[in-house]
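Please look through the structure below with the packing of its side chains in mind. The explanation that comes after the display goes from the interior to the charged pairs.

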Amino acid sequence: MPKAIKGNAGRKPPEPTADHSVIDDWRQRLMPDLQPIVKRLDESIRATLPGLHYAVKWKRPYYGLAELGWVIEIAAYDVSVNVVFFGGTDFESPPPLGATDRTRYVKVTSLDEAQQPELQKWIEQAGRTPGWT
């Protein structure tokens with residue numbers, strides 16, 4: 001039996017665009033309770049990482065930088081939002097969740113958690129760490 005492909009090895013990366021409206025459109029279709037959390041995360045990512053390109057694929061938004069690839073993905077579920085860092089294992093203090101390749105993530109369930117200093121530090125580190133290309 002062939003071994004299952006893990007992580008992003010079997011997936012083609014999304015096509016980037018400079019148009020942020022693809023993420024705004026995606027956010028409007030989320031559960032109402034999650035929309036403020038995602039809006040705050042999106043604002044923080046955009047303020048911290050200049051020159052981003054964007055995409056929505058597999059019902060998830062992606063944030064990338066030309067020189068590093070896709071660095072952050074957001075996955076919204078019924079009661080939480082996962083912020084996925086594609087180079088998370090290389091961070092000074094990696095996010096606590098995940099065990100696939102170099103990807104690590106944090107689960108955010110409230111607006112207060114979306115504003116935690118540690119999350120901001122991970123976003124900053126994502127802007128200096130190669131991601132998914």
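What follows is a walk through a predicted model, taken by topic.

The nonpolar interior comes first. In soluble globular proteins, nonpolar side chains tend to be buried together. In this model the largest nonpolar core has 28 residues, and those touching the most other members are Leu41, Ile45, Tyr63, Ile72, Val83, Phe85 and Leu119. At least two residues of this core come from each of helix 1, helix 2, strand 2 (60-65), strand 3 (69-76), strand 4 (81-85), strand 6 (103-108) and helix 4 (117-126). Ile45 shows what such packing looks like for one residue: residues up to four places away in sequence aside, Ile45 touches Leu52, Tyr63, Ile72, Ile74 and Ile123. There is also a second, separate core of six residues, and among them are Ala55, Tyr62, Trp70 and Trp132.

Helix 2 can be considered by itself. Its 14 residues should span 20 Å at 1.5 Å a residue, and the end C-alpha atoms are 20 Å apart, so the expected and modelled spans agree. Which residues of helix 2 are buried? They are Ile37, Val38, Leu41, Asp42, Ser44 and Ile45. Because these residues cover an arc of only 165° around the axis, they lie on the same side of helix 2.

Just before this helix, Leu34 is placed in the loop between helix 1 (21-28) and helix 2 (35-48). With a relative accessible area of 2%, Leu34 is buried. Which residues does Leu34 contact, leaving aside its neighbours within four places in sequence? The contacts are Ala76, Tyr77, Asp78, Val79, Ser80 and Val81. One of these partners, Tyr77, is 43 residues from Leu34 in sequence, while the two C-alpha atoms are 8.5 Å apart in space.

His53 is another residue with contacts along the chain. His53 belongs to strand 1 (residues 53-57), and its relative accessibility of 16% makes it count as buried. Apart from neighbours within four places in sequence, His53 is in contact with Pro16, Thr17, Tyr62, Tyr63, Gly64, Leu65, Ala66 and Trp70.

Two of those contacts, Tyr62 and Trp70, lead on to the aromatic rings. A pair of aromatic rings is described by the distance of the centres and the angle of the planes. Nine aromatic pairs are found in a search of the whole structure. Tyr62 and Trp70 make one that is edge-to-face, with 5.9 Å centre to centre and 65° between the planes. Tyr62 counts as buried at 0% relative accessibility, and Trp70 counts as buried at 4%. Phe85 and Phe91 form an edge-to-face pair, with 5.6 Å between centres and 65° between the planes. Here Phe85 has 0% relative accessibility and counts as buried, and Phe91 is buried with a relative accessible area of 5%. Ring pairs also join Trp58, Tyr62, Trp70, Phe86 and Trp132 into a cluster.

The charged side chains come last. Side chains of opposite charge can pair when their charged atoms come close. How many salt bridges does a search of the whole structure find? There are four salt bridges. One of them joins Arg27 to Asp24, with the closest N and O atoms 3.2 Å apart. Arg27 and Asp24 are three residues apart in helix 1, so about one helical turn separates them. Arg27 counts as buried at 15% relative accessibility, whereas Asp24 is partly exposed, with a relative accessible area of 25%.

Helix 2 holds another of these pairs: the side chains of Asp42 and Arg46 meet in a salt bridge at 3.1 Å, N to O. Asp42 and Arg46 are four residues apart in helix 2, and so are separated by about one helical turn. Asp42 is buried, with a relative accessible area of 1%, while Arg46 counts as partly exposed at 37% relative accessibility.

Glu73 and Arg60 form a salt bridge as well, the closest N and O atoms being 3.7 Å apart. This pair links distant parts of the chain, since Glu73 is in strand 3 and Arg60 is in strand 2, 13 residues apart. Glu73 is buried, with a relative accessible area of 4%, and Arg60 counts as partly exposed at 24% relative accessibility.

Technical notes: Residues numbered from 1 in each chain as written. Predicted model: local features only at pLDDT ≥ 70, side-chain atom pairs only at ≥ 80, totals over all residues. Heavy atoms only, no water. Buried < 20%, exposed > 50% of the residue type's maximum accessible area, 1.4 Å probe, protein only. Contact = heavy atoms within 4.5 Å. Phe/Tyr/Trp six-rings, centres within 6.5 Å; stacked < 30°, edge-to-face > 60°. Core = buried A, V, L, I, M, F, W, Y, C linked by side-chain atoms within 4.5 Å. Expected span 1.5 Å × (residues − 1). Arc of directions from axis to C-beta.
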